[in-house]
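Welcome, and thanks for taking a look at this one with us. Please open the sequence and the model side by side, then read on.

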Amino acid sequence: MIQGGLSGVGRYVVELAARIAEMDTVDLHIAGLDADRKLFAAIDDASWVSIPEAAAGGLKNLIWHQRRLPSLLKAGGYDLLHIPSYRRILAFSPIAQLATIHDCAPFRLREKYGFLRGLFGRQVAPWMARRCAHVLTVSEFTKQDLVEFFKLPETGVDVVYNGLNHSVYRPRTIQETAAFCTKQGIERPFLLFISRLEHPGKNHVRLIEAYEDYRKKTGQEHLLVLGGAPWHGAEVIEARAASSPFAADIRMPGFIDEADLPLWYASAEGLVFPSLIEGFGLPVLEALACGCRVATSDRGSLPEVGSDAALYFDPENVHEISRTMTKLCTENALEREARLAKGRSHASRFDWGRAAMATCQSYLETARLTDK
């Protein structure tokens with residue numbers, strides 16, 4: 001599930017593992033593909049469990065978890081298994097199993113998945129989650145979804161918010177952002193959306209339509225940057241952008257490496273995040289921490305994550321998205337500085353170190369209860 005550290009789940013695993021490995025709370029072992037070994041510098045070789053390259057693919061990887069992992073757990077004398085995504089929960093684990101479930105998208109956004117993945121998410125995953133000794137999730141919103149859709153008891157779900165690496169996600173100087181924009185060929189102020197190019201869940205098409213409305217009504221010439229790797233439905237997004245009367249001003253730089261991500265945020269006029277469903281929504285926090293103002297969807301966990309530091313809109317209302325973009329871009333200097341200060345203050349509350357401590361506390365509590 002690490003996927004080279006590029007996915008949300010991958011980021012979650014890498015960040016938590018680095019901090020748990022520095023603590024004396026648990027003896028942490030990581031199972032992963034050897035191609036991802038470099039992401040876990042804090043994990044020594046004796047604590048690395050190799051998943052065969054032949055089991056890298058989706059179905060083969062799922063089969064490896066269900067058929068091979070249980071015997072490794074018994075042979076290794078492990079006390080607790082932490083699965084970071086509902087797609088790999090073991091149907092029959094020989095030891096106590098704790099899982100992190102990041103969202104309930106198959107219930108909230110049925111058109112996001114094909115028939116088989118949707119069926120797995122709505123029918124199989126809840127049954128498997130109920131076989132876990134305990135479940136973690138990343139927002140109160142998703143916890144309530146797990147209670148409603150997965151039929152989990154509230155007492156069986158802990159909320160542990162994702163964190164931020166504040167040494168990476170921080171404001172940058174005017175000189176740094178100017179040099180970065182020159183390097184990227186960005187010659188005008190721009191609005192930014194960071195997300196994989198996924199249709200319809202991430203809502204790119206409505207964002208493009210709102211951008212067109214914003215340009216026509218205000219006469220402003222902001223660029224729109226859609227940063228992210230192609231995913232399911234990317235061709236729909238690419239075709240809509242190409243057909244836009246402002247196609248030349250819609251930039252798609254592809255996957256953005258984490259080394260560049262803070263500079264994209266810090267250089268932008270604002271982040272516009274119109275996703276239809278998010279279990280957490282890390283880009284909202286990352287942008288706030290980098291001194292980037294945020295306008296985001298009012299769906300899912302996003303109002304919880306952005307709090308009063310962000311502006312909100314109905315993601316299915318193109319004109320409301322456009323009006324919120326206008327509000328963001330027309331704030332005066334005092335309003336802008338107040339919003340930036342509020343955003344930085346809010347983002348400072350989220351930290352991977354705190355998340356790691358809370359996760360370890362759930363490990364210990366789960367192990368204690370299952371030992372009884």
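Here is a short tour of the sheets, the strands inside them, and the spaces between atoms.

Please keep in mind that this is a predicted model. Two open parallel sheets come up below, one of 6 strands and one of 4 strands. After them come a cavity of about 40 Å³ and a pocket of about 390 Å³.

**The six-stranded sheet**

- Let us begin with the overall layout: 6 strands lie in the order β9-β8-β7-β10-β11-β12, forming an open sheet with parallel pairing.
- At the edges of this sheet are β9 and β12 (311-313), each of which pairs on one side only.
- From one strand to the next, the twist averages 25 degrees.
- As general background, the strands of a sheet pair through backbone hydrogen bonds, and the pairing can be parallel or antiparallel.

**Strand β8 and its neighbours**

- Is strand β8 enclosed or open to the outside? All the evidence sits in its burial: 5 of the 5 residues of β8 (residues 223-227) are buried, so the strand is largely enclosed by the rest of the structure.
- The residues of β8 point in two directions: L223, V225 and G227 go one way, L224 and L226 go the other, and all are buried.
- This is a good place to recall that side chains in a regular strand alternate between the two faces of the sheet.
- On one side, β8 is joined to β7 (residues 190-194) by 5 bridges, and the two strands run parallel.
- Two pairs of residues help to locate that contact: F190 stands opposite L223 in β8, and L191 stands opposite L224 in β8.
- Strand β8 is also joined to β9 (residues 250-254), by 3 bridges and again in parallel.
- Within that pairing, V225 has R251 of β9 as its bridge partner.

**Strand β7 and its neighbours**

- Strand β7 is mostly covered, with 5 of its 5 residues buried.
- F190, L192 and I194 point one way from β7, while L191 and F193 point the other way, and all of them are buried.
- Besides its bridges to β8, β7 pairs with strand β10 (residues 270-273) in the parallel sense over 2 bridges.
- There, L192 stands opposite L271 in β10.

**How helices link the strands**

- Helix α8 (residues 204-218) joins β7 and β8 in a right-handed β-α-β unit.
- Helix α9 (residues 234-242) plays the corresponding part in a right-handed β-α-β unit with β8 and β9.
- Strand β8 therefore belongs to both units, one with β7 and α8 and one with α9 and β9.

**The four-stranded sheet**

- Here 4 strands form an open sheet with parallel pairing, in the order β3-β4-β5-β6.
- Its edge strands are β3 (80-83) and β6 (157-159), and each pairs on one side only.
- Neighbouring strands in this sheet are turned against each other by 20 degrees on average, with direction ignored.
- Strand β3 runs parallel to β4 (residues 96-100), and 4 bridges join them.
- To find the register in the viewer, look at L80, whose bridge partner in β4 is A96.

**The cavity**

- How many cavities of 30 Å³ or more does the structure hold? The count is 1.
- The largest cavity has a volume of about 40 Å³.
- Its lining is made by R87, K112, Y113, R117, R196, E198, W231 and H232.
- By class, this lining has 5 charged, 2 nonpolar and 1 polar residues.

**The second largest pocket**

- About 390 Å³ of space lies in the second largest pocket.
- Its lining takes in 23 residues, and those nearest the centre are T177, A266, S267, A268 and G291.
- The elements giving two or more residues to this lining are α7 (174-184), α10 (261-267) and α14 (333-347).
- The lining divides into 12 nonpolar, 7 charged and 4 polar residues.

**A residue to look up in α14**

- A338 is found in helix α14.
- Its relative accessible area is 46%, so A338 counts as partly exposed.
- From C-alpha to C-alpha, A338 and Q66 are 51 Å apart in space, and they are 272 residues apart in sequence.

Conventions
Residues numbered from 1 in each chain as written. Predicted model: local features only at pLDDT ≥ 70, side-chain atom pairs only at ≥ 80, totals over all residues. Heavy atoms only, no water. Pairing = 2+ DSSP bridges. Axes fitted to C-alpha atoms, helices over the stretch in contact; angles between N-to-C directions. 1 Å grid on protein atoms, 1.4 Å probe; cavity = no way out; pocket = protein on both sides within 12 Å on 5 of 7 lines; lining within 4 Å. Points joined across faces, edges and corners; volume = space filled by probe spheres on them. Nonpolar A, V, L, I, M, F, W, Y, C, P; charged D, E, K, R; others polar. Buried < 20%, exposed > 50% of the residue type's maximum accessible area, 1.4 Å probe, protein only. Right-handed = clockwise from strand over helix to strand, strands pointing away.
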